[in-house]
Every structure is written in structure tokens, then in C-alpha cells.
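Trainee: I'd love a close look at one unusual spot in this structure, with the surrounding story told slowly. Please pick a place to begin and lead me on from there.

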Amino acid sequence: MIRYGCDYNPEQWDAATIEEDVRLMAEAGVDLVTLGVFAWAELEPRPGEYTFTWLDDLLDRLGDAGIDVDLATATASTPAWLGDVDAELGSVDRWGRRRAGGARGHHCPTSEAYQVASLRLTSVLAERYARDPRVVMWHSGNEYGGPESCRCDRCGRAFVAWLRRRYGDLDALNAAWGTAFWSLRLSRWEHVHPPRATSDLHNPAHVLDWDRFRSDLLRAQFRAERDLIKAVNPDAPVMTNFMGLFPDLDYWAWARDEDLVTDDTYPDPADPRGAQDNALHLDLMRSLGEGKPFLVLEQAVGAVQWRDVNTPKRPGQYRLWSWQAVARGAQGVCQFQWRASVRGAETFHSAMVGHAGATGPRWQEVVRLGGELAALDVGVDERVDADVAILLDWHSQWARRAAHTPDDDAPDAELRRWHAAFFELGIPTDFVSVDSDLSGYRLLVLPSHFLVSQATAERITAYVEQGGHVVGTYLTGVVDDTQGVHAGGYPGPLSELFGVRVLEHWPLPVQAPPPVPAAARISTAVGAPQAGRVVSWQWGELEYARFVERTELLAADGNDAALALAAFVDGDLAGSPAVVTRPRGAGRATYVALSLAEEALLTVAGALAADAGAHPTVPGLPPGIEAVRRGDRLYLLNHGDAARTVALAGLTPADADASDVLVGPRDVRVVELAPR
């Protein structure tokens, strides 16, 4: 069963519109509606005074129409009256400024008034609706962590309590934070504060622990709401909506507390790589679920309202990207929102029913997709099998973000680039955590995996010795889990595995400095840094950008010595290995000491995957075609503007006459395959 639904905000509409909405939902094939996400003020207009008549009536109407409900706890945005209970309800930014109301999510998460009122509301909702068969899942909060973190004194005290649990005493904390530097030693717990605006650079270990604390703090709110619902109905599915590679929360820990995984995905229709970005979201959510179902809980039918330029989806693109979600493992696609608002901050965000009403090509596409998904019977056990995995650890990303590293690139930039390469190559890819089971993967990629603990290094080494292939890239294995740099060179505890030692980081200027006038006699004779050309006997010359490393091979005897597959042949790094590989046990480890340009990355990633035995789902695909196998169905999605014919090489269609499949522009074909 594939769910088709939307976020619905009936508090914005009159009775006649609501009546029409329920009728139109049935016409569109909607079978799941999220209710109450921002309805706290409607549910509790005054402290302790609840109004459920409107919600009861709506549940009746939706139930009569065969539409199930995802009921929100409504705790994502506070009612105005809560500010009367707590004058310090507003969160405090890094400059010490308290945020006022007037927008969603402005509250401090450690406000006792907020915690008491939010859990009281959740408990009342659970008592009334947790056993209601029309409520098929529960939605805690909304997009946790979206606003910048609160750094008030109250949150500071909670941070100290978290640190005391983690470290036990100040000596351990001082050691972990390296406070001998800059005379930062802490002699009392009262000296610990949230990382606010300072006179100079922050202590990276301090910031790393703050990021860990904040993820745990918000997750405690989710768990508290979840537990109140499950106290009434232990079988009630509870979740909250994620936001892809959101940098501020450890989604591995969050997902393991949920009954299903959901995501809000908004790729840019104006970007030719929009489908690539959407695929990353979908592969990530499938991976976070670790076998649990996942749904797209929010996507746009057309345009969003928060970009500088809000281009709508092209004709057929909404349907196509929805099918992409199903192909990559989703059990449902839902939209924000059902009916476009006529007031408020999101007035110009598209919806299933636009401002013009249920009419036009967009509405026709909405109805068509609903009919198609209703006819599709896909179970959770119909999986996307991947031979390639990318290691993703939020703690590592926090560590790189907190550190004052050689460049200011986004911590997840290299991860995105390697996933994009496998997407373009048509090779299925999962994400894994530092404690995931790696045994089912032929290739494991560590893209700029900045933080590597000794335990993680041991697990990766065991994976290679048992036959796996691992690829590490520049800026891997730089620090340990307390943000301390690994002594002896990078990649730290993985150096022996890769057979290489990184001696220096060499970030390269993105832009050339201004030209030097000829009259500047000395400066005209000075050249810019030139790492040199990278040449491989196997791949030819490899273009690169932004970042390289000076490396050396580690000495080793016998057949397991490291070998340079590519090297710098001239320039400042002449003779330094650029790509190094080393056999280990039954497997192999390869280190890529530079940021490869896109075309070179496609070449290298494809070759390394093939060497590990990981191949495209369908080889030789024409331009624009994405092919994904989920269970015994092959989904062929044409993201291009021209019709393409796909030859199903290496696959056996259930219909023997379906060896060649024509897929129209921005269209999808689903091919039944013979069981494996």
C-alpha cells in the first residue's frame, strides 16, 4: 500500500470550504491527512481549556470519506498565552538577544512552562484519540531543530547537567576540551556556558559537545511526547518529520526512537540536479529506517515560497519525483499542503489545491498521481538492494563544522558529491552509521569523514579484512571523538589500513588573487600555489578542485604494500601520491587525497565500484534515465525532455516482449521482473 496525502490546516477555512475539501480529497485519491501541526491555539485557546469539537467533526468527515489521519501533538509552535505564563519563553540567540513571538518555533526548549504545557496537551490528545482507529499515526512536534538553538542561561544549566553525566568531573571535561590552550581551564561548573558570541575563535570541543547536547535535548522532548501516546496505546506509530541532511540533529539516534521515518524534501526545480538531490533524501530516509517504513511527509506540488526565486515544478515533474520516492523505497508521498493559504508567511507556497481552485494542469496531475498510487500494491518488504554504502556520522560533521579547518567547505559537501556520482552512474547506494552492519556491502565510502574513533577504525578494518572494499577521501580521520587531532598524521587510526600518511592539507584558492601589475618587480615573479597535474596509468589525467593533500606511502613488505594509483607529476606536490590503494586480508582500502572534479569523480567512483563488484542496476542507460529496482519491479524514470528507449540488459522482464521500453519525457514506466 502506498499512501497519498497532505498536510491539512482546517483552522484556516470556513465550514463550506472544509466540506468541499473533503469531497475533493476523495476525488484526488487522498487517503492520509496530517492534522493539527500548528493548531495549539485552536486546541487550547486558554491554559487548560480545550476545544475538540472542530477536530471531532473533521475526524468524522474524513473517516466517512475513507481518509485516515496522522494526528500532530501541535507542540511545534506555542500559543500567545504561553508567553504570559513564562516571560522568558522566547529563545536567546548567540548574541544574547531574546526572540519575540510572531513566528513559529521561537520558544526556549528548556522553558518549564513550555515543557509542562506541551506534555499536558500531548497527554490530553492521547487520552482522547490514541485508540481512535481513524488516527493511524502520530506526528510529534514538527521539523525539530529548525530555528537556531537557544543559548539562554536556562539552556546553559541543562548543558552543564548533560556534561556532568558525560564526563563525571571537571578534570575529565578539561582534558576532553583541551582547556590548557589559551588558558581556558575550567575550575567550577559555573564557568561553563553555551557557545555564544566571543572575542575570538570558539573552542571546537566545546562547540562539538554543544551540538551533541542540543540533539539530545530536543530528542528528549520527542521521546516524552511519544511515551505519553504509547502509554495509552502501545501500538500507536509515532514519528516526527526529518529534513534530509539537516546538520543539527543526529538522525540515526532519532530514527531508532521512531516507529517509522518521514521526510520533508524540496529539491529545486530550477536546478538540473534536482532529481539528484531528491534521490539523496530518499536514500537517506530508507537507510535511517533500517527496515522500518518511510514516507515523504512534505513535498511541493509546484513552487515553494522561501527561495530567492521560487520556480514551480515543470509539467509532469511533481508526478515524476513522487514516483522516484516510491522507486527508492517510500511507502507514501504527502504534500505540504492541501489548500494554498490566503494569509500568513506561506501564502505563496504551492498546494494540491491552488489559489485558483481545483482546476488546470496541476490539479489534473494531482488527480492522476492519486489514481496511479491507489492501484499500486507495494509492501515494506519490497526493498532496494544496494551494494554501495556511504558512511554518515553527524558527530563527524559537527566536529568538522566546529573545527577551524583549512577550508570552509560544508561538512557534507564531499558526501553529497560521492552520492551524486553513484546516482549518475545508476548504482544503488545506502547510507550507514558507525555502528551499522557493514557485511552486506561490497563498497564502503568515507567521504571526508573527519572524526574517526579507534572503535570505528577497528570496525572498518574488520570489514576490509573480511572482503570489503573501503574508500576514504581527503580530510578523513583527522580527529578523535573529543576533537583531539590524531598524532602521527592523518587519517589517524586508519593510516595503516590505507597504507598512507597525510603530511599536509593543501586547500586551493577558489578564485585567483587580483593580477599583479608589471611594475611590482618582486611580486610579478611569484607564482600561485600549483599542486600539479594528477596522472594515473589507469585513468589518465584527473582534474581536481578546491582541496588536495601531500601524502607519503607507509613502508610495508610483501604483497600488501600500498600502491599509488595516481600521483602528482609536476608542481609543488610533484611525486606525492594522490590515490593510494592497499590490499588487506580479503579486501582492499583506497585513499583519495584530493577533491576530484565531477567528471573525474564519475570515472574513479565507477572504476572503484566495478572493482568491488558493484554495478549499475541497468547498464548503458540513455541520458536522463534513472533506473531503480525495488523488489521485483523496475522503475524507469525519464528526467529529460526527450523520449528514450531503455534496453533491459541483464534483467528478465516478466513479459518476455518487454526487452525494450520507451519512456516519454518526464514520465515513468514500471516493469514487472521475473522473481529473483
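Mentor: Happy to! Let's begin with proline 491, which sits in the loop between strand S13 (469-473) and helix H16 (495-498). Keep in mind as we go that this is a predicted model. The peptide bond joining tyrosine 490 to proline 491 is cis, with omega about 5°. That is worth a pause, because most peptide bonds are trans.

A cis bond also turns up between phenylalanine 336 and glutamine 337, where omega is near -5°. Glutamine 337 belongs to the loop between S9 and H12. While we are on backbone oddities, have a look at tryptophan 182, in the loop between helix H7 (170-177) and helix H8 (204-232). The phi of tryptophan 182 is near 60°, a positive value in a residue other than glycine. Most residues other than glycine have a negative phi.

Now go back to the loop that holds glutamine 337. Arginine 339 is in the loop between strand S9 (332-335) and helix H12 (360-374) as well. The side chain of arginine 339 meets that of aspartate 21 in a salt bridge, at 2.6 Å from N to O. Aspartate 21 is part of helix H1 (residues 15-28), so this pair ties together parts that are 318 residues apart in sequence. Across the structure there are 60 salt bridges.

Next, the sheets. One open sheet has 3 strands in the order S14-S17-S21, paired antiparallel. Strands S14 (500-507) and S21 (594-596) are at the edges with a single partner strand each, so one side of each has no neighbour in the sheet. From one strand to the next, the twist averages 35°. Strand S17 (residues 544-553) is joined to S21 by 2 bridges, and tyrosine 544 stands opposite leucine 596 in S21.

Another open sheet of 3 strands runs in the order S22-S23-S26, again with antiparallel pairing. Here the edges are S22 (625-630) and S26 (668-672); each has a single partner strand, so one side of each is left without a neighbour in the sheet. The twist in this sheet averages 20° from strand to strand. Between S22 and strand S23 (residues 633-638) there are 6 bridges, and valine 628 faces tyrosine 635 in S23. Helix H11 (residues 317-327) packs on this sheet, touching S22, S23 and S26, and the direction of H11 makes about 150° with that of S23.

Let's finish with the enclosed empty space. A search of the whole structure turns up 6 cavities of 30 Å³ or more. The largest has a volume of about 100 Å³. Its lining includes Arg286, Phe294, Gln331, Glu382 and Arg630, and by class the lining has 4 nonpolar, 3 polar and 5 charged residues.

The second largest cavity has a volume of about 80 Å³. Of the 13 residues that line it, Ser396, Gln397, Pro411, Pro447 and Ser448 lie nearest its centre. Helix H13 (residues 394-402) supplies the largest share of that lining, 3 residues. By class, the lining of the second largest cavity divides into 6 nonpolar, 4 polar and 3 charged residues.

How values were computed: Residues are numbered from 1 along each chain as its sequence is written. This is a predicted model: local features need pLDDT of at least 70, side-chain atom pairs count only at pLDDT 80 or more; totals for chains, interfaces and linings use all residues. Side-chain values use heavy atoms; hydrogens and water are left out. Two strands pair if DSSP finds at least two bridges between them. Helices (H or I, at least four residues) and strands (E, at least two) are DSSP runs, numbered from the N terminus. Axes are lines fitted to C-alpha atoms, for helices over the stretch in contact, and angles run from 0 to 180 degrees between N-to-C directions. On a 1 Å grid over the protein atoms alone, a cavity is a set of points where a 1.4 Å probe fits but cannot get out, and a pocket is an open set with protein on both sides within 12 Å along at least five of seven lines; lining residues have an atom within 4 Å of a point. Grid points are joined across faces, edges and corners, and a volume is the space filled by probe spheres set on the points. Ala, Val, Leu, Ile, Met, Phe, Trp, Tyr, Cys and Pro count as nonpolar, Asp, Glu, Lys and Arg as charged, and the others, Gly among them, as polar. Contact means heavy atoms within 4.5 Å. A salt bridge is a side-chain nitrogen of Lys or Arg within 4 Å of a carboxyl oxygen of Asp or Glu.
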